[in-house]
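Okay, thanks for coming, everyone. I'll put the structure up and walk through it piece by piece, so have your viewers open.

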There are 2 protein chains.
Amino acid sequence: MKSEQQFFQELIRLYRPFENQLNVQLNEHGLHRAQWTILYNLYHNGPASNVEISNYQSVEKPTITRTVHQLEEAGYIERIPGKDRREKRMQLTEAGIEVYENARKTIDCFEQTIMEGISEEKQLEMMEMMKKIKENLNR
Amino acid sequence: MKSEQQFFQELIRLYRPFENQLNVQLNEHGLHRAQWTILYNLYHNGPASNVEISNYQSVEKPTITRTVHQLEEAGYIERIPGKDRREKRMQLTEAGIEVYENARKTIDCFEQTIMEGISEEKQLEMMEMMKKIKENLNR
DNA sequence: ATATAATAGTTACCTAAGATAACCATTACC
DNA sequence: GGTAATGGTTATCTTAGGTAACTATTATAT
């Protein structure tokens, strides 16, 4: 059996329980994975438009619209003037920064636990591979 | 920033487009990812009960019931006597083997493309890491 | 031997989160 | 100034997960 075959099966088998438990952790802060990803994005990369978020996450615009809406309602993000009157540029509010940083602590702890026994180098190596695979997907 | 933080973000960012394109490939054979995973399981590990599939995939029983039902309706799997009268043990039919093997060709091709530039050793290494992470998740 | 537990599966229902199609509003470009 | 393209939204659908509550069967403890 070719190694790719098992590779992708393992990826699927890993992702499911990972997402489940990530959501359990996030629930403590009233968040879901999709919201969390946007908060992460805005916190680390600064303000962004829906299109930018959509591209970054490989998720269609209407899906982003919905999740952004939830975050606005929760008061975690707010609109700022963009380059256009079309563009809806969003950034974290005070409350958004706070909830991110609080959840961050929980998630850090969770992530450290499940990465136990895997060296930093290995992690970085695997990250490079994931980026490479993602690039290949986009061609 | 800790490397785990980015690690899991990359995992999420990889999984989404991967699953999308996997489904595009599978659609050519009238399949979805969830069905495909069960066919894979039965093809490579032999007959299994719902509980076994559920454990293997870390997915709850009712979800498995539904997907198994779809595969039965399609004539790809069939019931065989289990150790119990409770147990619903399933195996691939002729048609199931055929559709798996046909789809397999498509998926092999897809997987080879997106693994371009990543050596077999690296792939095996990453697989080991994914298994390790999954173990850590189960504790 | 029988009452209670546990196990396997199902049904009914809910939710998250993705997708498409069709549509505005605004801006860019010819 | 009319047509493209871009950014965003609305409406609607689909996949695929989850929980709670149930039946049927089997295992176990009294």
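Let's start with a question: in what order do the three strands of the open sheet in chain A lie? The order is β1-β3-β2, and the pairing is antiparallel. One thing to say up front is that this is a predicted model.

Now look at the edges of that sheet. In chain A, β1 (48–49) and β2 (77–80) each have a single partner strand, so one side of each has no neighbour in the sheet. As for the pairing itself, β2(A) runs antiparallel to strand β3, residues 89–92 of chain A, and four bridges join the two. If you want a spot to click on, take A:Ile80, whose bridge partner in β3(A) is A:Arg89.

Stepping back to chain A as a whole, you're looking at six helices and three strands. Going along the sequence, the pattern reads α-α-β-α-α-β-β-α-α. For the overall dimensions, the C-alpha trace of chain A covers about 55 × 35 × 25 Å along its principal axes.

Over to chain B and its sheet. Here we have an open sheet of three strands with antiparallel pairing, and the order is β1-β3-β2. The edge positions in chain B go to β1 (48–49) and β2 (77–80), each paired with a single strand, so each has one side without a neighbour in the sheet. β2(B) and strand β3, residues 89–92 of chain B, are antiparallel and share four bridges. The residue pair to click on here is B:Ile80 with B:Arg89, which is its bridge partner in β3(B). And there's a helix over this sheet: α2(B) lies across β1, β2 and β3 of chain B, at about 85° to β3(B).

While we're in chain B, let's look at a helix pair. Helix α3 (residues 50–57) and α4(B) have axes that come within 9 Å and cross at roughly 115°. By the angle classes used here, 65 to 115 degrees counts as roughly perpendicular, and α3(B) and α4(B) therefore fall in that class. The crossing of α3(B) past α4(B) is right-handed. On the α3(B) side, the contact uses B:Asn50, B:Val51, B:Ile53 and B:Ser54, and on the α4(B) side B:Lys61, B:Ile64, B:Thr65 and B:Val68. By class, that contact of α3(B) with α4(B) comes out as four nonpolar, three polar and one charged.

Next, how do the two chains meet? The count is 46 residues of chain A in contact with 46 residues of chain B. On the chain A side, α1, α2, α5 (94–114) and α6 each put in at least two residues. α1(A) gives the most to that side, with 17 residues. By class, the side of chain A that touches chain B has 20 nonpolar, 13 polar and 13 charged residues.

Let's zoom in on one helix pair between the chains. Helix α6 of chain A (residues 120–137) packs with helix α1 of chain B (residues 3–27) at an angle of about 30°, with the axes 9 Å apart. Angles under 35 degrees count as roughly parallel, and α6(A) and α1(B) are therefore described that way. α6(A) passes α1(B) in a left-handed crossing. Among the residues that meet there are A:Leu124, A:Met127 and A:Ile133 from α6(A), and B:Phe7, B:Leu11 and B:Phe18 from α1(B). The full contact of α6(A) with α1(B) splits into ten nonpolar, four polar and six charged residues.

Last topic, the DNA. Which residues come nearest to DNA strand D? Of the 22 residues around it, those are A:Asn50, A:Pro62, B:His32, B:Glu60 and B:Arg85. That surface gets at least two residues each from α1 (3–27), α3 (50–57) and α4 (61–73) of chain A, and from α2 (33–45) and α4 (61–73) of chain B. By class, the surface near DNA strand D has five nonpolar, seven polar and ten charged residues.

Then there's DNA strand C. Of the 22 residues around DNA strand C, the nearest are A:His32, A:Glu60, A:Arg85, B:Asn50 and B:Pro62. The elements giving two or more residues to this surface are α2 (33–45) and α4 of chain A, plus α1, α3 and α4 of chain B. The class split for the surface near DNA strand C is five nonpolar, seven polar and ten charged.

That's my tour. Happy to go back to any of these views.

Conventions
Residues are numbered from 1 along each chain as its sequence is written. Chains are lettered from A and ligands numbered from 1 in the order in which they are written. This is a predicted model: local features need pLDDT of at least 70, side-chain atom pairs count only at pLDDT 80 or more; totals for chains, interfaces and linings use all residues. Two strands pair if DSSP finds at least two bridges between them. Axes are lines fitted to C-alpha atoms, for helices over the stretch in contact, and angles run from 0 to 180 degrees between N-to-C directions. Angles under 35 degrees count as roughly parallel, over 145 as roughly antiparallel, 65 to 115 as roughly perpendicular and the rest as oblique. A crossing is left-handed if the near helix is turned anticlockwise from the far one by less than a right angle, and right-handed if clockwise. Two residues are in contact if their C-beta atoms, placed from the backbone, lie within 7 Å. Ala, Val, Leu, Ile, Met, Phe, Trp, Tyr, Cys and Pro count as nonpolar, Asp, Glu, Lys and Arg as charged, and the others, Gly among them, as polar. A residue is near a molecule or strand if its C-beta atom, placed from the backbone, lies within 6 Å of it.
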